[in-house]
Every structure is written in C-alpha cells, then in structure tokens.
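Trainee: I would be grateful for a close look at a single part of this model, with the reasoning set out step by step. Please choose one helix and then place it in its surroundings.

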Amino acid sequence: MNGVSGVYCPDLDHLQLKPGFMAKKNQETGHTAVGQTNGTAPASAYDSIDHLIDLAPIEDNDHRELGLSDEAVCDMYRNMMLQRRFEERAAQAYGRQRIGGFLHLYNGQEAISAAVRHVLRIGEDQVITAYRDHGLGLALGMTPNGCMAELFGRIDGYSRGKGGSMHFFDKKNGMCGGHGIVGGQIPLGAGIAFGLKYKGTDNVCLAFMGDGAAQQGAVHEAANLAGLYDLPVVFIVENNIYGMGTAVDRSSATLELYKRGEAYGMHCGLINGMDVLQVYKQLKQHVEWARKGEPSFVEIRTYRYRGHSMSDPQKYRTKEEMENRQNQDPIIRLKLYLENKGLATPEEIDAWDEEINQVALESVNFAENSPFPPVETMWEDVYVQQDYPFIN
Ligand SMILES: Cc1ncc(C[n+]2csc(CCOP(=O)(O)OP(=O)(O)O)c2C)c(N)n1
Ligand SMILES: [Mg+2]
C-alpha cells in the first residue's frame with residue numbers, strides 16, 4: 001500500500017516489467033507507485049518529462065500563407081481568451097459551491113480547440129470528446145451563458161442542466177459530447193463517421209481522447225474499423241502528459257502515440273499543441289484527407305495547467321515543470337504574433353480582453369438567475385425513442 005488513502009497501488013518495480021524500459025524510467029522519475037496521485041513529487045520529474053515528451057517542432061508560420069484571414073486569426077485569439085476566462089469563472093463558482101459534481105478544466109489546451117474552430121465546417125462536421133469538453137464547446141459556437149448554466153445545473157443550460165460539465169452537447173454546432181467513460185467516445189466517433197459516409201456526405205468527425213484514453217482497448221477496435229472502412233474520421237490524442245496523476249511514460253509502452261495509426265493503415269501526425277497556427281496547419285491536412293475517406297491518428301502534445309479536476313492536489317508534478325510549459329502559453333504566443341504582424345495594437349487587445357472578461361462574468365450572472373429544472377422533468381430527455389421499451 002502506498003500513501004494514497006483507500007487505493008491499493010502496488011510497487012511494481014520488483015516485477016521487472018520491461019527491464020530495459022520501466023527500470024530506467026523508474027530510476028529517472030523516481031516514481032514508485034502506479035497511479036500515484038499523492039505523496040511528494042519526484043525530484044527529477046521535471047527533467048524527465050521534458051526529456052521524454054518533447055512538444056514537437058513549430059514552424060515559422062504566416063497565417064495568410066495558411067489560408068487564414070486577418071479576422072480569422074484575431075478570432076482565434078479571442079476564442080482562446082474566452083475559453084480561458086470562462087473556465088476561470090467556472091473554477092471560482094465551483095469554489096463557491098455553485099457547481100456540483102466534477103469540473104475538469106482545459107486551461108493550457110485552448111490552441112487545439114481554437115484551431116478546430118477554423119478547420120471544420122461547423123454545423124456539418126461533428127466533434128466528440130471526453131469530459132474535458134468546455135473549450136471545444138465554446139470553440140464550436142456554444143454560448144458562454146448556455147454553457148455556464150449547464151455547469152450550474154440550471155434549466156437554461158444546453159442539456160437543461162441535466163448533463164453538467166462532463167456532458168456538453170449541442171446538435172446545432174456538431175458537438176456530440178462530453179463523455180465520462182475514458183475512451184468510450186472513440187467507438188462512438190467511428191460510428192458517427194460511418195454515418196456521415198453512409199449518408200454520402202463529405203463531412204468528417206473529429207474524435208478526441210486523452211493520453212490515458214489512448215491505452216483503452218476500445219480505441220484500437222475503433223481505429224481498426226476506421227482503417228478497414230476508410231472512415232472520414234480524425235482520431236486526436238490530446239497528450240497533456242498525465243492521465244489523472246499518472247504520467248504517460250508510466251501508462252504507455254511507447255511514447256510516440258501518433259505512430260499507432262500506422263498499425264491501422266492511417267495517416268499519422270504529431271503536432272505541437274501550444275501554437276494555434278501550427279495546429280491549424282497540420283489538422284487542416286488531416287481533415288482534408290478525412291473528407292476523401294482517409295482516416296488519421298494524430299497526437300497533439302499539450303499541457304493542462306490545472307489539476308485533473310478541481311480536487312487534485314497535483315503532487316505528481318513540480319512547479320518548474322509547470323512554469324516551463326506555461327512559458328509556452330498559446331494565448332501569449334498568439335498575442336505576440338498579432339502585435340508583431342500589426343494585426344492589433346496592445347490597446348486593442350486589452351479592450352478585447354476586457355470585453356471577454358465581461359462576457360464570462362455575465363455568464364455567471366445568467367446561470368445564477370436561471371432556475372433549476374423542475375423535479376417532474378427528471379425522467380424526460382433520457383431516451384430519444386419515445387416507445388423505448390424500458391421507459392415505463
Ligand atoms: C473506463 C474508465 N476508467 C477510469 C476512469 C477514471 N478516470 C477518469 S479520467 C481518467 C484519466 C484519463 O486521462 P486522459 O485520457 O489522459 O485525459 P485527460 O484527463 O488528461 O484529459 C481516469 C482514469 C473512467 N472515467 N473511465
Ligand atoms: Mg491526459
């Protein structure tokens with residue numbers, strides 16, 4: 001038993017799993033327990049993470065050469081900022097106990113969703129993700145008010161307050177959730193892609209998962225079928241290095257997760273998720289392939305600034321590691337780009353920031369003033385099919 005209360009985490013070192021690999025990793029990281037979520041951070045974790053998980057190269061991109069208008073790149077900035085401020089307000093509201101259940105924040109990963117916003121045909125293409133879903137929802141066009149009301153469990157939320165943080169859905173903008181079972185959304189994503197192809201469209205599905213989810217068996221079954229049936233899908237691993245408190249070098253036999261697509265006859269891609277233009281550039285190519293029925297398996301290396309959820313004491317990583325990643329913040333990076341290219345002055349950007357701050361604040365007011373759904377509606381919206389045999 002290690003220090004995690006109530007959780008049995010055996011020390012596996014003596015089993016000599018993969019002698020040349022695990023033993024070395026353990027030496028480097030000082031980790032002693034699988035699923036370590038408590039205790040002190042290993043002294044060398046900072047070095048080992050940076051050494052093991054390189055964020056991948058960033059090119060010297062120019063948005064116009066990538067086919068993005070000035071307005072589009074300014075929109076990317078504003079949308080990333082909206083995601084950041086919205087979640088900061090959500091975290092505060094959680095602290096005031098206005099939000100119940102889990103709350104998993106996306107802070108640090110916003111460049112991915114902001115790029116998706118400009119790569120997709122929103123409303124026609126489909127997106128499915130796990131429980132860390134606020135950023136993608138806001139990027140696809142879900143309103144901050146409707147999202148915050150959903151977090152508060154209020155009737156004006158997207159699922160009338162019955163879905164909560166982990167289950168953001170919005171049919172109009174192609175947001176297919178919001179799923180709490182790790183990896184469970186990936187076969188669903190393959191199914192959505194199958195449907196898009198079956199209907200004869202050239203729309204695509206982006207199916208997101210975490211680095212932890214990438215180890216799930218169902219992911220591989222779905223990937224195999226996608227390769228076999230030439231499905232219009234891009235599987236995207238948002239590798240933020242941790243699955244709860246377990247670093248990816250402790251959960252994955254190999255660290256180049258994107259190469260898994262090779263086994264299923266797909267395009268593979270590795271993307272630096274701290275630069276929105278880089279994400280846009282590479283993701284656009286994968287989406288174009290998907291429209292032609294050529295699926296991809298993509299790994300986007302990123303970092304989450306907050307704990308796994310609000311109750312995570314984050315003892316598994318060091319301050320230095322965090323600071324090093326935050327120094328590469330995608331919002332600050334794009335802000336500098338906008339200024340350097342003369343797309344916006346610092347004063348204009350400050351004015352946007354202030355406006356966005358107000359929008360996020362207003363969403364909290366909106367949610368506070370929205371009623372809870374009536375108890376009688378508890379069993380409504382459970383099944384779509386009205387004559388489903390188990391309803392009564
Ligand atoms: C099937 C299943 N197993 C375990 C859990 C508990 N759990 C919730 S989140 C999580 C970690 C997933 O990490 P990752 O896929 O990297 O996503 P991230 O939280 O980093 O975005 C685990 C193990 C779960 N929800 N579902
Ligand atoms: Mg992760």
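**Two helices and a ligand shell**

Mentor: In this predicted model, helix H13 runs over residues 346-369, and its 24 residues, at 1.5 Å a residue, should span 34 Å; the end C-alpha atoms lie 35 Å apart, which agrees. Buried in H13 are Ile356, Ala360, Ser363, Val364 and Ala367. The cover over these buried residues includes helix H3 (70-95) and helix H6 (144-151).

Helix H7 may be examined in the same manner. For the 14 residues of helix H7, residues 185-198, a rise of 1.5 Å a residue predicts a span of 20 Å, and the end C-alpha atoms are 20 Å apart, which agrees. The buried residues of H7 are Gln185, Ile186, Gly189, Ala190, Ile192, Ala193 and Leu196. Their directions cover an arc of only 155° around the axis, so they lie on the same side of H7. An α-helix has 3.6 residues a turn, so residues three or four places apart point the same way. Among the elements that cover the buried residues of H7 are strand E1 (126-128), strand E2, helix H8 (217-229) and strand E3 (233-239). Just after H7, glycine 200 adopts a positive phi of about 80°.

Strand E2 also leads to the ligand. Around ligand 1 there are 15 residues, of which the closest are Val182, Gly210, Gly212, Ala213 and Gly243. Strand E2 (205-210) and strand E4 (242-243) are the elements that contribute two or more residues to this shell. By character, the shell around ligand 1 comprises seven nonpolar, six polar and two charged residues.

Conventions. Residues numbered from 1 in each chain as written. Chains lettered and ligands numbered in written order. Predicted model: local features only at pLDDT ≥ 70, side-chain atom pairs only at ≥ 80, totals over all residues. Near = placed C-beta within 6 Å. Helix = DSSP H or I, 4+ residues; strand = E, 2+ residues; numbered from the N terminus. Nonpolar A, V, L, I, M, F, W, Y, C, P; charged D, E, K, R; others polar. Expected span 1.5 Å × (residues − 1). Buried ≥ 20, exposed ≤ 12 C-beta atoms within 10 Å, placed from the backbone. Arc of directions from axis to C-beta. Contact = placed C-beta atoms within 7 Å.
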